[in-house]
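Got your viewer open and your selection tool ready? Let's take a walk through this model, one stop at a time.

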Amino acid sequence: MKQKILVTGGTGYIGSHTVVELQNAGYDVIIVDNLSNSNAEVIDGIEKISGIRPLFAELDCNDKEGLNKLFTENPGIKGIIHFAASKAVGESVQKPLLYYRNNLVTLINLLELMPQHGIEGIVFSSSCTVYGQPDILPVTEDAPIKPALSPYGNTKQINEEIIRDTIYAGADFKSIILRYFNPIGAHPSAEIGELPNGVPQNLVPFLTQTALGIRKELSVFGDDYDTPDGSCIRDYINVADLAKAHVIAIERMLENKSEDKLEIFNLGTGRGVSVLELINAFEKGTGVKVPYKIVGRREGDIEKVWANPERANKVLGWTAKESVEDTIVTAWNWQLKLRERGIQ
């Protein structure tokens with residue numbers, strides 16, 4: 001019998017790609033999402049790729065009674081992958097209370113309900129923002145956690161502490177925390193990709209929308225950082241590569257391969273790419289020019305960060321395989337597919 005996995009935020013960007021990979025691996029997936037930054041039509045794309053339509057519940061994870069009812073009506077859920085969260089650095093600076101409510105209460109609700117329903121493990125979607133501006137690059141999992149530069153980053157730090165404290169207190173479940181670097185791109189089929197509601201808060205969808213003429217120009221936040229070209233450096237990772245790591249993490253917990261009740265892994269390529277380099281890679285790969293302007297620095301942004309992914313490579317047996325150059329082209333193909341469908 002297929003094991004049931006609950007994916008919160010499963011119609012979102014990373015969530016939808018992970019649902020596809022879970023279904024391809026033989027898991028029975030239930031999606032919970034409040035559609036605050038996604039669209040239910042994503043489920044059609046998931047079905048086109050995997051041939052399976054996942055069960056979907058439109059529900060806010062802040063609604064503990066609703067979650068409890070969902071678990072009761074769908075017995076046998078073995079694991080949770082928790083994506084549901086607000087995720088824009090800039091917006092979090094402007095709306096901190098929204099971020100603390102959405103990102104903390106949702107996790108607390110899940111952790112309180114898991115023992116009641118026999119759920120064995122939770123994979124938590126964390127971020128390299130917990131490292132702040134690291135002293136040493138590339139950054140390993142043992143790097144010190146720095147004071148957060150944004151409420152968004154702070155919620156990730158606090159959530160990690162909540163999980164750690166809950167397990168230390170004797171909770172009867174396991175957790176794997178995955179600290180992502182910067183996911184970009186789309187599924188190679190162009191059936192699913194990054195589709196934020198309204199004006200994109202992330203670089204790549206804004207870039208592709210600008211290239212298509214939906215946005216007038218792309219703003220590059222700062223060219224005076226201590227980097228070779230003055231723009232921020234990030235570790236951009238293919239979203240499908242990232243999704244595969246979640247399947248490995250779930251399998252690791254449910255098959256009792258974990259070395260500890262709590263494990264933490266960095267998910268990145270190990271390569272730092274600047275914002276201007278990413279724009280150049282897009283223009284080279286697609287032949288399309290992107291109008292952009294340099295503007296002032298954005299509050300909350302980290303200057304440069306990229307991963308040392310050796311622990312994930314060795315312990316999980318996971319490696320980021322797709323290049324940034326190929327990945328940015330998948331984002332463009334997804335944007336073109338959206339135009340064909342009359343979206344945006």
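Start by selecting α2 (42–50), since that helix gives the most to the lining of the second largest pocket, with 4 residues. Helices here are DSSP runs of H or I with at least four residues, strands are runs of E with at least two, and both are numbered from the N terminus. A quick note before you click on: this is a predicted model, so local features need pLDDT of at least 70, side-chain atom pairs count only at pLDDT 80 or more, and totals for chains, interfaces and linings use all residues. Residues are numbered from 1 along each chain as its sequence is written, and side-chain values use heavy atoms, with hydrogens and water left out.

**The pocket**

Now pick Glu41, Val42, Glu191, Arg341 and Ile343, which lie nearest the centre of that second largest pocket among its 14 lining residues. Besides α2, α11 also gives two or more residues to this lining. By class, the lining has 5 nonpolar, 3 polar and 6 charged residues. (Nonpolar covers Ala, Val, Leu, Ile, Met, Phe, Trp, Tyr, Cys and Pro; charged covers Asp, Glu, Lys and Arg; the others, Gly among them, are polar.) The volume is about 180 Å³. For the record, a pocket is found on a 1 Å grid over the protein atoms alone, as an open set of points with protein on both sides within 12 Å along at least five of seven lines; a cavity is a set where a 1.4 Å probe fits but cannot get out, and lining residues have an atom within 4 Å of a point. Grid points are joined across faces, edges and corners, and a volume is the space filled by probe spheres set on the points.

**Along α11**

Next, select residues 324–340: that's α11, 17 residues reaching 25 Å from first C-alpha to last, close to the 24 Å expected at 1.5 Å a residue. (The expected span is 1.5 Å times one less than the number of residues.) Colour Trp332, Trp334 and Leu338, which are among the buried residues of α11. Buried means under 20% relative accessible area, exposed over 50%, and partly exposed in between, using a 1.4 Å probe and protein chains only. What covers them? Among the elements over the buried residues of α11 are α7 (203–212) and α9 (275–286). Just after α11, click Gly342, whose phi is positive, near 75 degrees.

**The cavity**

Stay here and add Gly185, Glu194, Val204, Pro205, Thr208, Ala331, Trp334 and Gln335, which line the largest cavity. Both α7 and α11 give two or more residues to this lining. The cavity has a volume of about 60 Å³.

**Over to α1**

Jump to residues 13–24, helix α1. Is it enclosed or open? Because 11 of its 12 residues are buried, α1 is largely enclosed by the rest of the structure. Gly26 follows α1, with a positive phi near 100 degrees.

**Last stops**

Select Leu262, in strand β11 (262–267). Leu262 and Ser175 are 87 residues apart in sequence, yet 4.9 Å apart in space, C-alpha to C-alpha. Leaving aside neighbours within four places in sequence, Leu262 is in contact (heavy atoms within 4.5 Å) with residues including Ile163 and Ile177.

Finish at Cys128, which is buried at 5% relative accessibility. Why no bond there? The closest cysteine sulfur, in Cys232, is 12 Å away, too far. With a disulfide defined as a pair of cysteine sulfur atoms within 2.5 Å, the count comes to 0.
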